Amino acid sequence: MTAIPSCKRRDDKDMTSKIQFNRVLPGFGLTLGFTLTYLSLIVLIPLSALVFKTFTLTWDQFWAAVTGSRVMASYRLTFGASLIAALVNVVFGLLVAWVLVRYNFFGKKVVDALVDLPFALPTAVAGISLTALLAGNGWVGQYLEPWGIQLAFNPNGVVIALIFIGLPFVVRTVQPVLEDAEKELEEAASCLGATRWQTFNRVIFPSIAPALLTGFAMAFARAIGEYGSVIFIAGNMPMVSEITPLIIIGKLEQYDYAGATAVAVVMLIISFALLLVINALQAWQRRRTGAPA
Amino acid sequence: MSTTLNSASRRTQAGITEPAWVRYSLIGVALTFMFLFLVLPLAAVFTEALRKGVDAYWQALQEPDAWAAIRLTFLTALLAVPLNLVFGVAAAWAIAKYEFTGKAFLTTLVDLPFSVSPVVAGLIYVLMFGAQGWFGPWLQAHDIRIIFAIPGIVLATVFVTFPFIARELIPLMQAQGSDEEQAAIVLGATGWQTFWYVTLPNIKWGLIYGVILCNARAMGEFGAVSVVSGHIRGQTNTMPLHVEILYNEYQSVVAFAVASLLALLALVTLGIKSVVEWQHARDLKATADLPPERPTV
């Protein structure tokens, strides 16, 4: 709170003092120059290679490469599964965050640390272990098989792997907002006669909604690009359980560099769009929580 | 005093918490979900690895190909993490300590590799350095191999772990402002002294946090590395790629043995991360408990 007036004063200062403020600390040229060089070499120039490679295709070739029936089936699977997984994560991520912030129970610190497991566990390890669990002879699979439920080697497996990957995104964006939520508002609602459910619906939920949406978008974005955990459990049948990143790998293995690039450009555009959406959501969240009336 | 506080807080809490049965069922559902999706997969790695006993487990880890994979994984992390550490500190210094146009855009660009699919991350280096790529003919003429060799693996890893340290440090350094650094400079410290004695102690927890997360991802990266590696056994297979090959050859126990090492790495990462968070919270609390120097006007 105290930082806000001082920031404002700094902006209002005249030009000379602003330049002086910049000059007091050395290293601006060095650090910015290094940052821009490194960013260009590692990220920008290689990404531009992707765009330039696409320009070697005619529009018809490009369109044919990105709308082939197998590719279209992979978009449907990738988007559908990512959407379902992100929605599941919104529900359970909110629940886990709520339980971790509001209640006390034995082993809470361990559970809290464990939430980040999907960030720390290599995706390939997650992939083979989920497969081992859910295959017909696995710990979980053996009880589901008699009921005719198959969770591995089909689109269900894709959804499960993506739920695993996306969970921490929702928990970790909602958790700090819940921690900062002002209990006084809830007390006021309760004093004014609201039931607990009304308080949650009308007071708590609106304040965490932006964070929840941000978490959803992040989990969704991550799920769309995910490769390692999915390919083991998906079964990878063309038209049925083949995700879009696998299509790119498949085209590369057939030395169809142009085709792989075209599909990659489509994925890249989607990533950019999601990145912009996430940025906008975060700005909204900051306005919601940061602006003091 | 504590009893009056307690009873008072209990009375106020009656209106702002849920009935006990709701609390316990919510905790129950959340823990069941966590158990099914997080604990079971983790436990499965170790049980599958030890399925044929401890001897088979040790033997699996002593294969020369497994060792080569372990060495390559460590080498990759040893190169990628310091590179991104230097970048992270430089980027955070430039973005947090100065005002310039395009700052928000630059911050977005730093985050960009997070939203690019790992497979696309691998592909872009193939398009740059592969046989068909921009520099492909030149590299071939000079007998330099990048793709299907170690440099490509390192590059792809650097790309996917690019934002980890920078994005930890930028908000941290922005929140801390630059008053302390300016004071040091005014008192006659050089830039390096200021960084070393003023900035670094302030950001150390964020730095450690970023480094261990960066390291975990660098050692565990699969998709991007898989595209540029070429899967040459004993030469260009990192641990995750080695796991994949073994698994696809139905050598389940050996695959899970190598995977268990990666799972251990994940557990160590989570452990260090939690300790860092607790330490950081303690430091913050210690600073908050200090008497205020003077009211900010």
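Q: A salt bridge is taken here as a side-chain nitrogen of Lys or Arg within 4 Å of a carboxyl oxygen of Asp or Glu; what makes A:Arg196 and B:Glu18 such a pair?
A: In this predicted model, local features need pLDDT of at least 70 and side-chain atom pairs count only at pLDDT 80 or more, whereas totals for chains, interfaces and linings use all residues. Residues are numbered from 1 along each chain as its sequence is written, chains are lettered from A and ligands numbered from 1 in the order in which they are written, and side-chain values use heavy atoms, with hydrogens and water left out. The N to O distance between the side chains of A:Arg196 and B:Glu18 is 2.7 Å, which lies within the cut-off, so the pair is called a salt bridge. The count between chain B and chain A is two salt bridges.

Q: How do you know what kinds of residue make up the side of chain B that touches chain A?
A: The residues on that side divide into 61 nonpolar, 18 polar and nine charged, where Ala, Val, Leu, Ile, Met, Phe, Trp, Tyr, Cys and Pro count as nonpolar, Asp, Glu, Lys and Arg as charged, and the others, Gly among them, as polar. Contact (heavy atoms within 4.5 Å) joins 88 residues of chain B to 87 residues of chain A.

Q: What area do chain B and chain A bury between them, and on which atoms?
A: They bury about 8,100 Å², 81% of it on carbon and sulfur atoms; the value is the accessible area (1.4 Å probe) that the two parts lose on being put together, summed over both.

Q: Why is the pair A:Phe216 and A:Phe220 called stacked?
A: Rings of Phe, Tyr and Trp (its six-membered ring) pair if their centres lie within 6.5 Å, and planes under 30 degrees apart count as stacked, over 60 as edge-to-face and the rest as tilted. By this rule there are 28 aromatic pairs over all chains. For A:Phe216 and A:Phe220 the centres are 6.1 Å apart and the planes at 5°, so both conditions are met. The two lie four residues apart in helix H12 (residues 196-225) of chain A, about one helical turn, a helix being a DSSP run (H or I) of at least four residues, numbered from the N terminus, as strands are (E, at least two).

Q: What makes A:Asp116 buried or exposed, and A:Arg172 likewise?
A: Buried means under 20% relative accessible area, exposed over 50% and partly exposed in between, with a 1.4 Å probe and protein chains only. A:Asp116, at 3%, therefore counts as buried, whereas A:Arg172, at 23%, counts as partly exposed.

Q: How do you know that A:Asp116 and A:Arg172 form a salt bridge, and what does the pair tie together?
A: Their closest N and O atoms are 3.0 Å apart, which satisfies the criterion. A:Asp116 lies in the loop between helix H6 (108-114) and helix H7 (117-120) of chain A and A:Arg172 in helix H10 (residues 155-180) of chain A, so the pair ties together parts that are 56 residues apart in sequence. Both residues also belong to a network of salt bridges with A:Asp112, B:Lys273 and B:Glu277.

Q: Which salt bridge does A:Arg196 form with A:Glu186, and where do the two residues lie?
A: The closest N and O atoms of A:Glu186 and A:Arg196 are 3.2 Å apart, so this pair qualifies too. A:Glu186 is in helix H11 (residues 183-191) of chain A and A:Arg196 in helix H12 of chain A, ten residues apart. With relative accessible areas of 2% for A:Glu186 and 16% for A:Arg196, each is buried.
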